[in-house]
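Reader: I spend my days at the bench and would like to learn how to read a structure. Could you walk me through this one?

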Amino acid sequence: MKRLLLTLAAVTTACVASPVLAADESALAKAKGCFACHTTDKKLVGPAYKDVAKKFEGDAKAADELVGRVLKGSSGVWGPVPMPPNTTVKEEEAKKLVAWILSLK
């Protein structure tokens, strides 16, 4: 019985914490200016975050690659408009943002 209660508590905590974490990363994306070029569900200047998640689904190297793109910028990946380097984003913040983006469905 104790094991069941602990398991239920852990599952409940994970389910409740997920929206909070998503809200934190969304707020971080807003604070860092990411939403000037991206939205969650439709293309703006850059791709929608859900499209990025879909493109990289199942790719074990995706997180590291995308963190590099956030920090250093990229070009030619999603079209002719380059993504500039995000000099105000620290590596740990980029990791959080990328994990959030890749979690979107």
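Reader: Which residues are exposed on the other side of α3?

Author: Happy to start there! This is a predicted model, in which local features need pLDDT of at least 70 and side-chain atom pairs count only at pLDDT 80 or more, while totals for chains, interfaces and linings use all residues. Residues are numbered from 1 along each chain as its sequence is written, and side-chain values use heavy atoms, with hydrogens and water left out. Now the terms: buried means under 20% relative accessible area, exposed over 50%, and partly exposed in between (1.4 Å probe, protein chains only). Helices are DSSP runs of H or I with at least four residues, strands are runs of E with at least two, and both are numbered from the N terminus. The residues you asked about are D64 and K72.

Reader: And which residues of helix α3 are buried?

Author: The general idea helps here: an α-helix has 3.6 residues a turn, so residues three or four places apart point the same way. In α3, which runs over residues 62-72, the buried ones are A62, L66, V67, R69 and V70. They sit on the same side of α3 because they cover an arc of only 160° around the axis; the arc is that of the directions from the helix axis to the C-beta atoms.

Reader: What do the buried residues of α3 pack against?

Author: Their partners are α2 (49-55) and α4 (91-103). Contact here means heavy atoms within 4.5 Å.

Reader: What follows α3?

Author: G73 does, and its phi is positive, near 85°. Further on, the loop between α3 and α4 holds N86. Leaving aside residues up to four places away in sequence, N86 touches V70 and L71. A polar atom of the N86 side chain lies 2.8 Å from the backbone oxygen of V70.

Reader: Which residues form a nonpolar patch on the surface?

Author: L44, V45 and V81 do, with about 250 Å² of accessible area together. Patches are made of residues with over 30% relative accessible area and no salt bridge; like charges are joined within 9 Å, and nonpolar side chains (Val, Leu, Ile, Met, Phe, Trp, Tyr) within 5 Å. The areas come from the Shrake-Rupley method with a 1.4 Å probe, and for residues only the protein chains shown count as cover. V81 is in the loop between α3 and α4, and counts as exposed because its relative accessibility is 53%.

Reader: How many salt bridges does the count come to?

Author: First the idea: side chains of opposite charge can pair when their charged atoms come close. The rule asks for a side-chain nitrogen of Lys or Arg within 4 Å of a carboxyl oxygen of Asp or Glu. By this rule there are four. One of them joins E93 and K32, with the closest N and O atoms 3.4 Å apart. This pair links distant parts of the chain, 61 residues apart: E93 is in helix α4, and K32 in the loop between α1 (2-31) and α2. E93 is buried, at 18% relative accessible area, whereas K32 is partly exposed, at 21%.

Reader: Which residues do salt bridges that share partners join into one network?

Author: Take the bridges in turn. E91 and K95 meet in a salt bridge at 3.8 Å, N to O; being four residues apart in helix α4, they are separated by about one helical turn. K95 also forms a salt bridge with E92, the closest N and O atoms being 3.7 Å apart. Salt bridges with shared partners thus join E91, E92 and K95 into one network. E92 is exposed, at 51% relative accessible area, while K95 is partly exposed, at 39%.

Notes:
Polar contact = N/O pair within 3.5 Å; in protein donor to acceptor, adjacent residues only side chain to side chain.
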